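Me: I am learning to read structures, and I would like to understand how the words used to describe them are earned. Could we go through one together, setting each value against its cut-off?

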Amino acid sequence: MVRPTLLGGRNRKLLGRALLFVLLGAAAVLWLVPFAVILLTSVRAQGELISEGIFSLPRKVELANFEKAWRLGQFATYFRNSAIVVIVKVPLGLLVSSLAAYPLAKMTFRLNTAIFMFFLLGLAVPVHVTLLPLVVMLKRLGLVNTLVALIPPYVVFGLPFQVFVLRGFFRTIPSEIMEAARIDGASELMIFLRIMIPLALPALATLYVIDALATWNELPIALVLISKDEWRPVATGLLRFQGQFSSAYTQLMAGVLITVAPVLVLYAVFQRYLVAGLTAGALKE
């Protein structure tokens, strides 16, 4: 015979689980509503949008909005520029951050904590505060209005978070492995390249995805440093849909979908690595 207390405990557990699913379902709906609005707006006529509102279903699907958005936003050029920046900047940023995180995690020296805190302070510095100094400095170097101008600030602003994650991950790797390699005659560079980097691949893969998404979507720095259309990245293409007196909202939403399509594909392919890579070293101190 099952005791009433056991039945009551089981019922409470089932009720709590059902409530959790309801809350998660409601949160998912709230997250999907903006995407649904963008999708519905992108496949309808401008006049229909104005007359019937954003939450009504389109009477006719206007796929021509995507073709018009591609041409108006000059996405053929902007996609090329963003792809070049991502291909160059992301590996370079991960290389620099891993070179900084390795000694901070596995070496003992006087300013270890101070240097780590200096990196963490970078998380609190707003991008907008640095725009004027960046323009002045890069203009004197003759780099303004080139893709090269985007690489240094993008790398620097990515370092604080990357160093924080990689330092925590490196600390989870047993130091005995390094000691054994040193006994066998391995140098610090060899230990870093042949032991630490291969073991840190989950964290590096996670940071690669996050950094690629952030670089692809970055707008303020690119908007200030590059004014020539031939070198602008993809995020600035959406500004071409804003006129002086009106905006082509349907084409703008189509442009938004075109812009985020590579991001969604990249996230869908690598999303299983994100949680594992970020939490692997989160509790190690």
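The questions and answers below take up this predicted model and ask how its descriptions are reached.

Me: How many helices and strands does the protein chain have, and what pattern do they follow?

Reply: The protein chain has twelve helices and zero strands, and reading along the sequence gives the pattern α-α-α-α-α-α-α-α-α-α-α-α.

Me: How does the radius of gyration of the protein chain stand against that of a compact globule of 285 residues?

Reply: A compact globule of 285 residues would have a radius of gyration near 19 Å, whereas the protein chain has 25 Å. Along its principal axes, the C-alpha trace of the protein chain spans about 85 × 75 × 30 Å.

Me: Why is S98 called buried or exposed?

Reply: S98 has a relative accessible area of 2%, and buried means under 20%, so S98 is buried. This residue belongs to helix 4, which covers residues 75-106. Leaving aside neighbours within four places in sequence, S98 is in contact with L166, F170, F192 and I197.

Me: And what makes L121 buried or exposed?

Reply: Exposed means over 50%, and L121 has a relative accessible area of 55%, so L121 is exposed. Its place is in helix 5, residues 112-121. The C-alpha atoms of L121 and L30, which are 91 residues apart along the chain, are separated by 33 Å.

Me: What is said of Q74, and how do you know whether it is buried, partly exposed or exposed?

Reply: The relative accessible area of Q74 is 27%; this value is neither under 20% nor over 50%, so Q74 is partly exposed. Q74 sits in the loop between helix 3 (64-72) and helix 4, and its phi is near 50 degrees, a positive value in a residue other than glycine.

Me: N145 also has a positive phi; is N145 buried or exposed, and why?

Reply: The relative accessibility of N145 is 18%, and since the limit for buried is under 20%, N145 counts as buried. N145 is found in the loop between helix 6 (131-140) and helix 7, with a phi near 65 degrees in a residue other than glycine.

Me: Which residues have the most contacts inside the largest nonpolar core, and which element gives the largest share of that core?

Reply: The largest nonpolar core has 45 residues, and those with the most contacts inside it are Y102, V163, L166, F170, I191 and M196. The elements that give two or more residues to this core include helix 4, helix 7 (151-172) and helix 9 (188-199), and the largest share, eleven residues, comes from helix 4. In soluble globular proteins, nonpolar side chains tend to be buried together. Leaving aside neighbours within four places in sequence, I191 is in contact with Y102, M178, A181, R182, A186 and M196. Apart from this core lies another, of 14 residues, among them L134, L150, V155 and A222.

Me: How many aromatic pairs are found in the whole structure, and what makes the pair of Y102 and F192 stacked, tilted or edge-to-face?

Reply: A search of the whole structure finds seven aromatic pairs. The ring centres of Y102 and F192 are 5.5 Å apart, within the 6.5 Å limit, and their planes are at 45 degrees, which is neither under 30 nor over 60, so the pair is tilted. The pair links distant parts of the chain, with Y102 in helix 4 and F192 in helix 9, 90 residues apart. Y102 is buried, and F192 is buried as well.

Me: Why is the pair of F118 and F119 called stacked, tilted or edge-to-face?

Reply: The planes of F118 and F119 are at 70 degrees, which is over 60, so the pair is edge-to-face, with the ring centres 6.5 Å apart. F118, at 62% relative accessibility, is over 50% and therefore counts as exposed, whereas F119, at 18%, is under 20% and therefore counts as buried.

Me: Which residues form one aromatic cluster, and which ring does the charged end of R167 sit over?

Reply: W70, F75, F79 and W216 form one aromatic cluster. The charged end of R167 sits over the ring of F116, 3.9 Å from its centre.

Conventions:
Residues are numbered from 1 along each chain as its sequence is written. This is a predicted model: local features need pLDDT of at least 70, side-chain atom pairs count only at pLDDT 80 or more; totals for chains, interfaces and linings use all residues. Side-chain values use heavy atoms; hydrogens and water are left out. Helices (H or I, at least four residues) and strands (E, at least two) are DSSP runs, numbered from the N terminus. Buried means under 20% relative accessible area, exposed over 50%, partly exposed in between (1.4 Å probe, protein chains only). Contact means heavy atoms within 4.5 Å. A nonpolar core is a set of buried Ala, Val, Leu, Ile, Met, Phe, Trp, Tyr and Cys residues joined through side-chain atoms within 4.5 Å. Rings of Phe, Tyr and Trp (its six-membered ring) pair if their centres lie within 6.5 Å; planes under 30 degrees apart count as stacked, over 60 as edge-to-face and the rest as tilted. A charge sits over a ring if NZ of Lys or CZ of Arg is within 6 Å of the ring centre and within 35 degrees of the ring normal. The radius of gyration is taken over C-alpha atoms; the globule rule is 2.2 Å times the number of residues to the power 0.38.
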